[in-house]
Each structure stands twice: as C-alpha cells, then as structure tokens.
Amino acid sequence: MNVNQQTPMASPYGPPQPGYGQPSYAPLGGGYPGPYGPYNGPAAAYQPGAPPQGYSPYASFPSKAVAANPVSDLSSPLDLGPARGPLTSAPRPVSTPQAYSQYPQGDSQNGPPPMDHSMAQPAHRSPVSQPYSHGAMNLSGPHPSYSQQYGAPPPMQQVTNQMSGMQIGSGPPTSVGPGYAHHPSSQPPISAAYSSAAPPSYTQAPPPLSAAPSQPPPPSEPAASQPYYGGPPPPQQQPFPSAHHPSQPFVSSSPYLGPPSQPQAPPVSQQQSFPPGPPAQQPFPNSAPPPVSQASYSGPPPLTQHSFPPSSQSGPFPPISISPSQYPGPQPQSQPGPPPFHSGPSPRGPIPPPSMSQQQANHLPPGPMQQQQPPQPGMQGGYPTQQNGAFGQPRGPQPGYAGPHYPGQQNYGAGPAPAPAPPAQKRLDPDSIPSPIQVIEDDRVNKSSEPFTTGVKGQAPPLVTTNFQVKDQGNASPRFIRCTAYNMPCTADMAKQSQVPLAAVIKPLAMLPPDETPPYIVDHGDGGPIRCNRCKAYMCPYMQFIEGGRRFQCGFCSCVTEVPPHYFQHLDHTGKRVDCYDRPELSQGSYEFVATVDYCKNNKLPQPPSFIFFIDVSYNAVKSGMVNIVCQELKTLLDYLPRENPEADSVVRVGFVTYNKVLHFYNVKSSLAQPQMMVVSDVSDMFLPLLDGFLVGVNDSRMVIESLLDQIPEMFADTRETETVFGPVIQAGLEALKAADCAGKLFVFHSTLPIAEAPGKLKNREDKKLVGTDKEKSLFQPQSGFYSNLSKECVAQGCCVDLFLFPNQYVDVATLGVVPVSTGGSVYKYTYFQAETDRERFLNDLRRDVQKPMGFDAVMRVRTSTGIRATDFFGSFFMSNTTDVELAGLDCDKTVTVEFRHDDKLSEDTGALMQCAVLYTSCSGQRRLRVHNMAVNCCSQLADLYRNCETDTIINFFSKYAYRSILNTPTKTVRDTMVNQCAQILACYRKNCASPSSAGQLILPECMKLLPVYLNCVLKSDVLQPGADISLDDRAYLRQLLSCMDVSESHIFFYPRLLPLVKLDGGSLPMAVRNSEERLSKGGVYLLETGLHLFLWVGANAQQELLSNIFGTPTFSQIDPNMTSLPELDNPFSQRLREIIDSFRSQRSRYMKLMVVKQEDKAELIFKHFLCEDKSTSGGASYVDFLCHMHKEIRQLLS
Amino acid sequence: MATFPEFIAQNEERDGVRFSWNVWPSSRLEATRMVVPVASLITPLKERPDLPPIQYEPVLCSRVTCRAVLNPLCQVDYRAKLWACNFCYQRNQFPPTYAGISDVNQPAELLPQFSTIEYVVQRGPLMPLVFLYVVDTCMEDEDLQALKESLQMSLSLLPPTALVGLITFGRMIQVHELGCEGISKSYVFRGTKDLNAKQLQEMLGLTKPTAAQAGRGPQAPQAPLSNRFLQPVQKIDMNLTDLLGELQRDPWPVTQGKRPLRSLGSAMSIAVGLLECTFPNTGARIMTFIGGPATQGPGMVVGDELKAPIRSWHDIEKDNAKFMKKGTKHYEALASRASTNGHIIDIYACALDQTGLLEMKCCSNHTGGYMVMADSFTTSLFKQTFQRVFTKDVSGAFKMAFAGTLEIKTSREIKISGAIGPCVSLNAKGPCVSENEIGTGGTSQWKICGLDHNTTLAVYFEVVNQHNAPIPQGGRGAVQYVTQYQHSSGQKRIRVTTTYFLKAHYSFSFVPQFMFHLRRSPFLQVFNNSPDESSYYRHQFMRQDLTQSLIMIQPILYAYSFNGPPEPVLLDSSSILPDRILLMDTFFQILIYHGETVSQWRKAGYQELPEYENFRHLLQAPVDDAQEILHSRFPMPRYIDTEHGGSQARFLLSKVNPSQTHNNMYAWGQESGAPILTDDVSLQVFMDHLKKLAVSSAA
C-alpha cells in the first residue's frame, strides 16, 4: 500500500502522538534525515498542535480543506493501528464505532487497539456497520481519496485502481448501500459479474459511499479527530475519527486511541481517504475499471493516499479539497483508468468484473460480500474496510502510507521530501507505519466469519492468522497450498520487472480442522488413476471433456486423451460430465487416488512401515534423565502409533536400539521371556545383527518391550562411556528397514558430538571467529559428504529420520541434520536438557512426532500448465533429478515451497494451473496418490499482480531462499540481496502502479505493506544476523527448521505474537500488540508466542491482583522465574490464561515451553530479542529505521 | 632280560615309544640303504596310571645347549654327588635337595623302570580350563535341537571351575556375554569380515588389564580369571543352559536355490581372537560345531549358490576350486594364531555334504584338535564321540591335556629330521637338529596344543656318522622326549621319556602287504572320497599310534561261523563266504557282514526259535565285539550292519583284496568267495610285480 513513510508517518503520527511519536521519532529522525526531516517537520508541527491540529486537520480533511487534518487524520488512520493500541484501552469502551476507528487504528497497528478492534469491531460493525463501513469505507474510501489526494492526481490509474480498489475493498461487497448506489450504477455495467463482483465493489464501494458519508464524517471527524487528537492517541483516534468521524465512539475511541497510539497517518489517511472515499465512490461508478485497479487501489491507494495526504495536506488540503476534484479527476482518470485497466482487465473484459469481483472476492472473498454481508451487513462495511485493510489498502495505506507519505507530505508533508530537517530529526512515529497487528486483525474480522470457497480463481485466501473455514470447490485449500501471487504475470518480463517471487508453499498432508472434510479417496480400479497421456497429469477439474465425453483435453499440456471405457460418462449441455459432482477428482481441488502396484517400488505392494527408536545411552544422555524419560514414555506412547482406522491396532512395527560408541540391538520377539541385547561394536561397517524379533508388533511383544524399556535405564545407569557414534546409528536403521523391506521412521535421541571412531565421525569445528566472514557459510555446510550420501540411501529405502538432540555443547547440527533434512524428517533440539524443566516440552514433541499422520517413501511432482515451470524447491527432501521431490517421510507438518518461473507466455484466458501429486505409502501400508490442484489467474497488468499477493507467503519464500543461500554465499551478501529485491518489488510498484506521488513518498502496495517489517524480521533473525549469544548450532537448527515451515509457522517465527494479558474473559483473545518494548506497560503482563517459545513477561509494577490471579502470589519478587508451567489456580483469569496457553501450544507442531520473564531480570534479554520491531542487540535495525532504509533504497532505484 | 619282541612291546607299553628300526645303522650311508627312515612313534601321554606323582621339578643338565633331564641312563657318582649327562657328557652337580642321594637312596628318575616319569610342577598358578563353544545355527531344527542337547549335556561334564564361552554364528556371529541378569547380551559381528585380535578386543570392550592379569595373577589362583564372555561353569551353568535352550535357527531368510550364509571363517577367527586376547598361553579348547560349509566371508569354501557344488578332487586337480586356496590360507593363519597361544581347535562337522574340512584341516592338525565328521548331529556317532571327549581317567581328570610342548634330545650320533603329527614347530634350533627335514623339521621342539592319551607323533631321525667313522659296536644311541603340558587339573606337568636302541631284529615280512593296502587306502587314494573325507582320514591317521594306524591301513577282518570260534581271516575276497558273518574294523567303520546263507537264515527268523539259540548267539557275537570297539574308540566309528547283496556291503568289498574278480574268478575256481567287480590289481599281482622289481637290475 502506500505507506507514507516516515515523514508522513511521523507527521501524522507525530502530531497525533506527540508523546509517542515524538519520542520515538526523535530517535528515528536522527536516522532518517531526509524523509524524516520533512516528516518530522510536519510531525513536529503536527505534534505541537497535533492534537488540535489533528482535529482540525480532520475537520479539514473532512472538509478537505483541512488538509493538515486529513493528513493527520490520515496519519491517524494509519496510526489507527497504533491508535488501536490505545484503543485497546479505550477501544472497548469506545465500542463499535471505535472499532472502525480501530480499523484505522488497526491500520495504525497499535497492538492494543487490535484487541479492541477485534473485539469491538465485529460488534461495532454490526451496529455501526455503516459507520464502520463508513469508517472502513472511509478508510478505504480514504485510501482512494488518499490515493486521489496523494496519488490521485498523478496516479490516475493507481488512483483509479486504488479508488476502485478502495472501493472494492472497502465497500464493495458490503453494505454501503449508499455507496452502492454508485456501485450499482457501476455494477450494472458489470452485470452479473458485477453482481458478484459488484457486491465486493459495493462493499468497498459502500465504504466509499460511506466514505462519502464519511467525508461528512471526516468533517465531523475533524472535530472528532480533534477530540481524538485531543486524546493522546490522537493519531489513531484521529484516524478513527477521521474514518469514523461519524461515529462518536471514535471520538471516545480516539481519545483512547489517541493516547495509546499516535493515531498516525492512517487515520489521517482514513480521513483523507474518506474524502477520497467519496471520490472513490465516484470511481466506483467507473467501477468496472476500478475493480481492476482495485488491487492497485488497495495497494497504491493507501500509499498514495497516505502519501497523498501528506503531500496533499500541506498543500494538500487544497488537494484534498481538490480531492473531490481530484476524485473527480481520479474518477475521470479512473474511468480512463478503467480503460487502461480494462485493457488490463479488458482482456478479461468480461472478466474484469469478475476479476474485480474476484479480487474483491479474494479480499472480500469470503465472499464476496454475500457471506459477509449476510452475516454482518454492517460488518461488511467494516470488512470491506478491513478487507481493504487486509488488502492493505486501508490500513496499509493509511498506516504505513500515512506514516511515511503523510508525514512527509502532510505533516512532514510539506516536507516529506523537502521535509525539512526538523521533521527529519524527529523520528517516524512507529504508530504511523504499517502495523502487522492491524492487518492481522482486520483480516480476522473481515474473513473469519464466512467460509473461504476455493472455486474462484485468483483470489487470495485469508491470512494464516485468521481462523476461517475452507470449502473445496475445485482448488486446493490454502491449508494445502498458498501462493505468493494469485495473479501471475503473463510474461517473464513482467515477472522479472516486478521481482515478485512466484512460488507456492505446499503442505501436502496438512491436517484439516475437524469441520473440514479430508480429501476423498478415489479408486479408479486396476488401471490406476486416469492420466493425461503426454504430461501424465492426473484427472482433475481442469481436464476438459470433449467429443461427447469420449476424450478429454489436458488442462496442462492440451494433449487429448481417450477416456477409458469404464470411466466414460456423458456430458451435459454445458459440456460438463454428468457425474462431475459425484467424482471428487472432477470437482474438488484435493483428493487421493488409490495407487496400483505400478506405483510401487519393485512392482510390489508395500509393507506397513516401521518405527525404530535409537536411544543414546552415553553418560550425558543418562545423566540428563533423557534415557529414563524416553523409556518411560515409550511404554505408553507405543499404543498411539499412527493408524488410519482408529478402531484397529496400528500395523506399524517397532524396533529398539540403544547406543553409545557401539550399538545395542534388542530382540523383543514375543516368544521370549526376556529381551535379548545384541551388541554391534563393529561400527565401521554397520549391519543388522538380527532379523526375526527386531521389528515387532507392539501388541504381540508388549511384555517383552515393557521389560526392555524398564531395564534399559538400569542397565546403563552407571555407564561411563562418553563417546558416541551417529553415522552407524542411521546406517543401522537403514539396514533394518532394508532387511524388513519396508519404509519407516527412525527416532534418534542423541546427546553429543559423535567423536567415536566410526563412519560419520565429526570433529568440533565451532569457530566463532568465522562468523561474519566469507567463510561463515562453511559452518552451515556439513563437515563431510558422508551424511549426504547416507541420506541418499535412506531416501531410496524410504527411511525417514527424526533427530532429537540433547546437547550440552556443540554437536554440529549442520552436519547431524543433513539426514533428517534430506529424508523429510525433523530435528528437535533441547539444549542443556534437564529432566525437570524440559520434560514436558520434549514429551509433547515426541508424542506428537510419533502420533502424527504421515506418509512414507513419498515422491512429489508438481506439474504446471504450459508457460510456467516449477524450477526450485525448498524443504526437507531429496531430489535426484530436477522434477521429483523425494521424501522418505512426509508428515502433516512438512511443507515444500516451490518456485515457478516462466518458460513461455501465459494466457489471461486460461490462467495458470498447477497440480501437485504426492505418491506415498500410508501408515497402514497402502500406496496412495494425493493430488492438489491450484489454478490462479494471469495478468498483464502489474497492478493486478500487486493486488493479489500474499506477503506472508512471500516472506516464507524469501526466508527459505535466504536461509538456503547462506550455505553458499556470505551472509551479508544474502541480506543485501534480499533488501535489494524487496526494494525492487516496491519500486516497481511505485513506478508502474503508483507513480503519481512525489518521490518523497513511500508508497507500498496494500498487499505488501507489511513486507518491510517482515523482511526486517527475516534479516534480523538469528540465522542471518546472529547475536553474540547465539550458537552455531542454534543457527543451523533454525535454518533447517525454517526450511519446512508453512506460512503460518514462518509468520509467527518472524513476527511473534505479543498478547497483553488484560481481561481474559470471554472466548476471544485480547488483541495483540506490536513487538516493541515501548508497547509494554510496566503494570502489565504479556504473553509472547514465537512458535518455538512462550514467554510470560511480567512488568515490575504489575497489579497485585493480576499477579495473584496468575501466580498465586501478589508479590512480584516471589514469582519464580524458573517455573515452566503456571500454577493451577481456581480463578477465571488463571483458567483462561492456561487455556490460551494450551490452545497456542496445540496450534503449533512443536511444544512451546513457557518461560516466565520478570521485567529487568537478566532473562529479559532473551525476551527482548523477540521484540522484533526494536533495534536488536546484534545490530538489527528497528522497524522504523528499516522502513526508512527501504524507502531510501526504493528512491534510489526510482531515480 | 626278556626277548627282544617282548622288550619292544614293553617299550611301547611303558614309554609309548616304538621305533621303525630297533637297530642302529652305524652310519649315514647305512641308514640310507635301509630306505625306511629311522623313526619313532611317540605317544607322549601314554596312559600310565602307575606312574608316581613326582612333586618336584626335573634336574636338568647344566649345559645351556643341552638341558637334558636326569634319567636312568645317566652315570651317577653318588659320592661326589655328580651325574654325567648321557647326551652331552656334561658332568653336573646334583642340586642341594639331592644331598641325601646314594646308591640305595635313589630318586625315582634314576630307577630303570622309570624311563618314563612325570613331574608335577608346583610353581605358577593353576591354569583354568577354557572351553569355547562355537556353534553353527544354520541347520535343520532337528539337528540344532540334538546339538543343543549335546552341548547342554557337556556342561555337566565340565569341572565347575572351567571357563566356558559361547559363540554362535550363521549369517552373523554372536559372542554371548554370560551371566547377565535379565536381558541377555551378545556382541554381534558380521560374517564377511576378519578382525584381528586388537580390533576384537576393542569391540568386545576387553581391556588390556584383563589379559595382563591373566598373565600375572599368581596371588589369586582361586579366583579364576574370567571375563564377561568366559565364565566359570558353576556360575553360569543355568544361564548358559537357558541360552543354549533358546538358540534359534539362523533367522535370515534363505531363498530357493541358495545355501544359507554361514560365517564359519569369521566365527572361528573371532573365537581365536577372543582367546588370544584373554587367555594367551593357557590351555583352551575351541569347539566348533558346523552343519555345513562356510559360504561367506573369509574362509568361505563355496558360494551360496546351490547350483555351484563344493569343490571335488576333480575340481582341485583342474585348479577349479576358486575358494580353496584363499580359504586354506585363512584357516592356516587361524591355526597358527591358535597354536601360538596354545589353543585347540576342534571341528565337529555334521552334514551330508562336505563342510570344508579340507581347508580347515590345519586348524585341527596344527593344534591337536579333534576333527569329527558325521552325517548329522542326531547320530550317535556325533553324540557319543562328543561325549567321549570328556571322558575321565581313574583319578577323575580329563584324559585331555593342553598346551603341550614336546622337546626331543638325542645323543650325538643322531639328529632330528622332523615330526609328523598334530603339532607345530617351535623353531628351537640346536645341535641335534638335522638339516634334512621330514615332516615338521628344523626344530627340536614342537607345540602340541591338544593331546590325549592316544595322541601319537612320528619323529624322524637321521644318523650323522659318516661311513668312515661308524658308531662303535655296542654304542647306545639315546633319545629323550620331554613333554610339558597343562594337565586338566590346571597343573603344569612334565613327562620325560628316555629310551635307547638295542641291537637288530626286524621282520619285513608284512611290509609288502601293508604297502599294498596303504596304496589302496584313503590316505593315498582319493578316488571315491571327497576332499573333506580324505582330509578327515588323514587327520586321524596322523595322530594315532601304531596299532590304530595299521588298522587304518589294513583293516582287520574277523569271521564268525559254526565252524569254530571267531578267527581273523585274510582281508581278501575269498574270505567272503555264505555261511560266515564277517566283522570288519577299518577304524572309521565297524562293519558286520552276513553271508548269503546266514542272511537268509536271519530273514527266516531262525534266531527267534529256541532250538536255534546257537544261531542267535552266532548273530550276537560280532555285535558284541563291535560294541566293544565302538565304546573304546575315539572318534566313534560308523557302525554298519549289512548282508550279502546289501548296498552297504560295498564298504567291505572295497577293502578286501580283489583276489577274485569278474576277470579271474573262474580261473580261481575252487573256493566260492565273492567276486569283486573291479579292475584294481590284486595283492597277488602286486606281489608278482614287486618281486620282479626287486630282482631287476634296472631298479
């Protein structure tokens, strides 16, 4: 979106958050002279008068005349996010109206607000729906308006886009009856498509409409805003106000917001947007085009908006005022724009609307308005906005945009560029820059209520943080596949120009929530699945039946294949097979085929898999208690081996081995009275010492196994052996599986660097001096090729290795992890493992790891339609050629990221198809083929591309790419490359989709407005920029861990969730706050979830009651920082908190250990490490600083 | 003085020594002319229950190169308390403990009847007896079951303090840790690899100190040395019995058309290595039980493809036995390692096909181990033979002895050419060692790791006097055999036999006949014998005393009939008559043959009728005699009961002199013997030819 960068931000924020912004700015300012300067200037200006001004601005905004205000408002809207923070406090009180305001706030990012927002918004919406919608609309509208204002003039298209986008986003579907009116008008043209799309547009439009109203509100807003401003949070408030102007709550909220966040630009933007909104609406009329532009709108608008606002503000106001005119302008432009768009869209001509609708749908998706609307008409409005927000537009633009742009332009405004040093000196107001919290919150509010249906091409699914239901209508659920872009550029040139990666993050065996149906199993009989004769694609909804159903044409390669007689079916009048909806493979995005013997190794049906447990019994392992815990746990855990039929016993067989520098195999044959140990000390040439009795059924040999597990800890209790081997351990497992002629999984519980004389022996090569040098990469590479070769053999046999590490010192994870990573396994690491404190974490991980559904001996192949090709793969697997991803094991948590590149032109008519087929052996030994199909749109306009991206997925891809690159490239180069690529992406957008604004503005696409903050988190991650206390092992571990994370995991990994623990009543969660120390209140308690850890941060001045509720003691000093679980207290707060913690844990594939961190305790350093918006001790930039840096990069590129 | 033949018999009875010539060729030339070398058969541990236990150590000649033991042939000056060595003529002082010596108070070793005497060395610790079972598990369940029972039975025959160990093998090799509580443990090795002792030691976690203790440990003889793999029977009796009981057939699948993978070579290597690093120079028995040939790893003698049969003599002659050389080399190396450390390797091979005895023979031959060949572990041949290994003498001690060395001292007139028998050279050079080697030569000392009361070596001598300086008439060449060994009680003992030659007497009358049969025997003739069988026969032949050896060369044939008491008859086809029952003893086989008429009577069941009780007795007589032999011989012979026309009668027909064949039977005509369908020459033809050669000047 358009993020008005610092300046704007600052200014808006600044003003709004004199307090907040300024302080923060100050520092920032220093950092970002140029832009900031201006910003600051404005900001300063704002700030000083901020509140008042802000108000006035709002007023002005509304009036348009009050450019400044708008700006501030804008900023505020942007700030709103931040404001939300405040809102949170205030929000609730504020009530729904606030929600809107919150939206803006949300945009603003304030953490707290989100809470409220989430809470409030929904509620609000319903009630205030319209207002919200307005607000939202406004926001959205504002965007447009902003866009107009900001970019309006220049970026006709954008504006239009924005407008449209805004409209769409904002009002499209939803309410905005008023606005709709317009829409309708617009819709009409659109026609049916419109109807569908229309709604979206409407929703968006509505906002606009609302915006229109909002505009009025704005006016009011001004007032309101002022009040808001008055409120400390003003910025946010303002935004809200601006957005919500209408809603009084806003006002109230604004105060709240105000204080908390500096309402920031966002609000401003909103306000402005409001104005724009109206214009937007107008554009809507043009709607058709707008839609097209929508994306851009969403993206650009915000930015532009914000930016605009700023610019507009100072002088802007006029613009603003003009905005109308501009709007008109835009509109006209938009109209013209439309054409252009049309051109773009036109291809789709008809499609445009659809596309529009789709886009909207994507955003709105849910539906399109319908869904949303139905539920909460009012909400819709809100949603739209949110959607916009989601799109990024509203929020993005506002917050981010507002921030930067506005500040620059508006507050800084005047000065963004020029921006006067003064502002520059001041820092950007953190609240004014795009807030992840707000984006998340908006998406959640907008999209969680309606199921996401996959039938429409090109629509981006809800964010991973949003809880939503999926209905498979022909495309794979986002739980299986998420794409970076749902509108792929038609040509390689476009792709290259935009630099947006084209990738899909595929989680083939993902677990679905209980209310979604797992893929159906299809049996095509002895002939096996029906496939295209040429490209071998499997039967899917993209196959076109012709000649009365006698043949079908492949959607991927266009080859025509005969339909086998047993599969023949007549076609109906539309050319569809009559049985289309009876057959999952013709109507669903995901399903499974039963594979025939042709799909089996050696043409032999597979045996059920086996699990083999390898327990290190060297001194360290025994002493740490690991051996004892594992043995105890296995006794019960073995009853929970994976099975497909819950009624039956698992057919998975188990085997046991203990080892130090020799291996002890156990014969646990059921006929034995006692297990027999077989020691293999010839580790140089590993072999399996026994066959019969090694792999057994748990039920058959239960007594023997229990006896064994009882005796293992005793047998080795007094061991003095400290050396271990590792290579032979895996070789042994491999041999065992070979001998049993089955696939399987090895669970290796290992403690030390394997220095005993054996193949795969390692030496300690930890050399911290290499960190930061060009030789650093060697530390991530395995020590020798031994394990790579071994993993090849493992993969060939279907031997998956899961490694549980319990190191007390360097164990060379980079090398030990090679086999797990290549075989689709996992590495778990419990450094300084202690039985008392780490037991739960380890056991939960182990339990999950043992029980989770998985496939064995898998091969994954991604087929694509002509024009693109899967060229690169990331994840835990092995590839022996360029197309087949071989996975010895594939569990429900494993993700494979696939990058696509053009090898030809794509057509907008057909879009791009991909089919991911995974051939695997189920845990019951059945050979299956899971097929996921995904169709995305293709676009000839960059704007479409930018409008349908998913930043979280892009970050997932980027981080995987970067983490892999450090194997071969100096880390610094990798970091620079990433920054550069992102700058190019944004610059391309700026240049092609948002050009109208002044160079001083940072304009971010709505969908990517969080790209900078997330990218910064990636760059600051321990792998790419280690702190002094991060060991090489940790880095290698995290590096490997990331390689198979899905989007949801990578999201929280890079941007942890920070929850303020206030009022936990009710079923919903408090709204998160941004990851910054300044968001923490000394009097509060916060829960931080990183995906790997949970921290409970206790402020030094936390209320006694709070402490009592949580810890059972009112005294801060009596809290035991070593506790790993909270006491079970009989009060609702404690219960709810523990519920929350449990639910968090249940959502993650790894158990998160709880650490209690007391403020100013030394452990706080660790905690602070995860406050990723702050400067890190290792030199990582703060969000604000980084955003400025990005802006600079972009400007360089543009110049 | 008894007659000369009596003297010889007494000599053999008392000293276990029998010479090929009991006269002294006076010079090298004369000796050469005698053709048959001067040699002696020596049974070092000839059973002598009458020997007094001498609880002190022998008195040795002080000359460093001599060190002969004081014996009845020495001249003693009782007054001066001096004695003259009869080998080197060194005059020696008696040690202080002999201060009371006089012509009426002589120590036993000076008494003429104690030309053989045994000293019990009191120094040093009591050495443990070590029995290491190496058991093949690649066999039919029935065989394995029988084997397990035999092994369990054997435990009860061991002295409680004996250390036992267990190694089982199939595709893998398992060294079982004994005395574990709860989980039984074993160390497993793959059978395709040869490990040296050091590697093995590390892999088994046996640290050096253990071995060192084994060497020192004089203070604690009561606490026998042991380790996790070799433990006293009394301690792990139950455990080991259970362990044996749980032994399963090798679980690795054997696909159609394949032999099971049997890691025999590696298993033996590990057994040798285990003892090598834990009990060097201590008596120990590695008892290997195999049900088939080694099919993988070092020492393999045949591949696992059934379509490729194990090598035959034919293959060997054609140089078509691709595993033989390598296998033989492996086992030779093992034999060398084992014998160096005084360890015995026994091989009990029970299979219908060959098991690779040809390659493995050195293991038994060089270490004094037993080699037993049978068709199955279920046969009494195996069971009783194995049981007989543990027979005890009147004092309750095993008849087997361990870690022996045989040292031979000769007077100046003769030198030692070498020895043939279950021994290896200790490379002790000396003045009495000849440069001409016969058998294992170049030394005056041999190591005999395992020996029992029957173990007999042939020692060859050479007369060194030149023709122009003959041994004076009346000179008495003397030979002293000094055998040091570890008695089964753990004591170290030294047996000394001193003997000398007298004047001539000899009868050559039987030589041609023996030669005839020797040529036909499996020792020279491989036709119809597998390489394994040949190896087995030769192995036994090399270690038996004169009587047994002669039986092997020319089997004994007894006839039972109503015509009179049982009588020995000629080993000739003419002895096969319808109304006779024949009992043939070839050492390896005891065969009872019922003549045609007798056979018919028996089928008619006359023996059941009271009035034909004499017939029943006639039938029973050879059976009783056979039983007697069966019970006394080691290894137990194969017992065959057959009749005229029976398929197993071929064993008899192949041994008798084919005086009547399909070619000449009508010419002979008179007596109705049994014609042999063979083209072999008969003794008559052989003698005729011999006579011709003897008078021919061309010879």
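1. Two strands count as paired if DSSP finds at least two bridges between them. In this predicted model, strand β6 (residues 116-121) of chain B and strand β21 (residues 492-500) of chain B run antiparallel and are joined by six bridges. Within this pairing, T116(B) stands opposite T497(B) of β21(B).

2. The surroundings of β6(B) deserve a look alongside its pairing. Six of the six residues of this strand are buried, so β6(B) is largely enclosed by the rest of the structure. The cover extends to both faces, with T116(B), E118(B) and V120(B) buried on one side, and I117(B), Y119(B) and V121(B) buried on the other.

3. Chain A offers a strand of its own to set beside this one. Strand β19 (residues 868-874) of chain A is mostly covered, with five of its seven residues buried. Its partner is strand β21 (residues 896-902) of chain A, to which β19(A) pairs in the antiparallel sense over six bridges, and in β21(A) the residue H902(A) stands opposite I868(A).

4. An annotation covers this part of chain A. In an unreviewed entry, UniProt places the feature "domain: Sec23/Sec24 beta-sandwich" at residues 855-938 of chain A. Over residues 855-938 the model has 0% helix and 64% strand, and the end C-alpha atoms lie 33 Å apart.

5. Turning to aromatic contacts, a search of the whole structure finds 64 aromatic pairs over all chains. In one of them, the rings of F874(A) and F957(A) have centres 5.5 Å apart and planes at 85°, so this pair is edge-to-face. Because F874(A) belongs to strand β19 of chain A while F957(A) belongs to helix α45 (residues 951-965) of chain A, the pair ties together parts that are 83 residues apart in sequence. Both F874(A) and F957(A) are buried.

6. A pair in chain B may be read in the same manner. The ring centres of F131(B) and F402(B) are 6.3 Å apart and the ring planes are at 85°, so this pair, too, is edge-to-face. The pair links distant parts of the chain, since F131(B) is in strand β7 (residues 130-136) of chain B and F402(B) is in strand β15 (residues 401-410) of chain B, 271 residues apart. F131(B) is buried, with a relative accessible area of 0%, and F402(B), at 0% relative accessibility, also counts as buried.

7. F131(B) and F402(B) also take part in a cluster held together by ring pairs, in which they are joined by Y133(B), F289(B), Y348(B), F377(B), F382(B), F386(B), F390(B) and F398(B).

8. Charged groups over rings can be checked at two places in chain A. The charged end of R577(A) sits over the ring of Y567(A), at 4.3 Å from the ring centre, and the charged end of K1158(A) sits over the ring of F1116(A), at 5.1 Å from the centre of that ring.

9. For chain A as a whole, the model contains 53 helices and 27 strands, and of its 1199 residues 70% count as buried. Among contacts between residues at least 6 apart in sequence, 81% join residues at least 24 apart. The chain exposes about 33200 Å², of which carbon and sulfur atoms supply 52%.

10. Finally, chain B carries an annotation from UniProt, again from an unreviewed entry, in which "domain: Zinc finger Sec23/Sec24-type" covers residues 58-98. Over residues 58-98 of chain B the chain is 0% helix and 22% strand, with the end C-alpha atoms 11 Å apart.

Methods: Residues are numbered from 1 along each chain as its sequence is written. Chains are lettered from A and ligands numbered from 1 in the order in which they are written. This is a predicted model: local features need pLDDT of at least 70, side-chain atom pairs count only at pLDDT 80 or more; totals for chains, interfaces and linings use all residues. Side-chain values use heavy atoms; hydrogens and water are left out. Buried means under 20% relative accessible area, exposed over 50%, partly exposed in between (1.4 Å probe, protein chains only). Helices (H or I, at least four residues) and strands (E, at least two) are DSSP runs, numbered from the N terminus. Rings of Phe, Tyr and Trp (its six-membered ring) pair if their centres lie within 6.5 Å; planes under 30 degrees apart count as stacked, over 60 as edge-to-face and the rest as tilted. A charge sits over a ring if NZ of Lys or CZ of Arg is within 6 Å of the ring centre and within 35 degrees of the ring normal. UniProt positions are given in the numbering used here, feature names are shortened, and annotations may be inferred rather than shown by experiment. Contact means heavy atoms within 4.5 Å. Accessible areas come from the Shrake-Rupley method with a 1.4 Å probe; for residues, only the protein chains shown count as cover.
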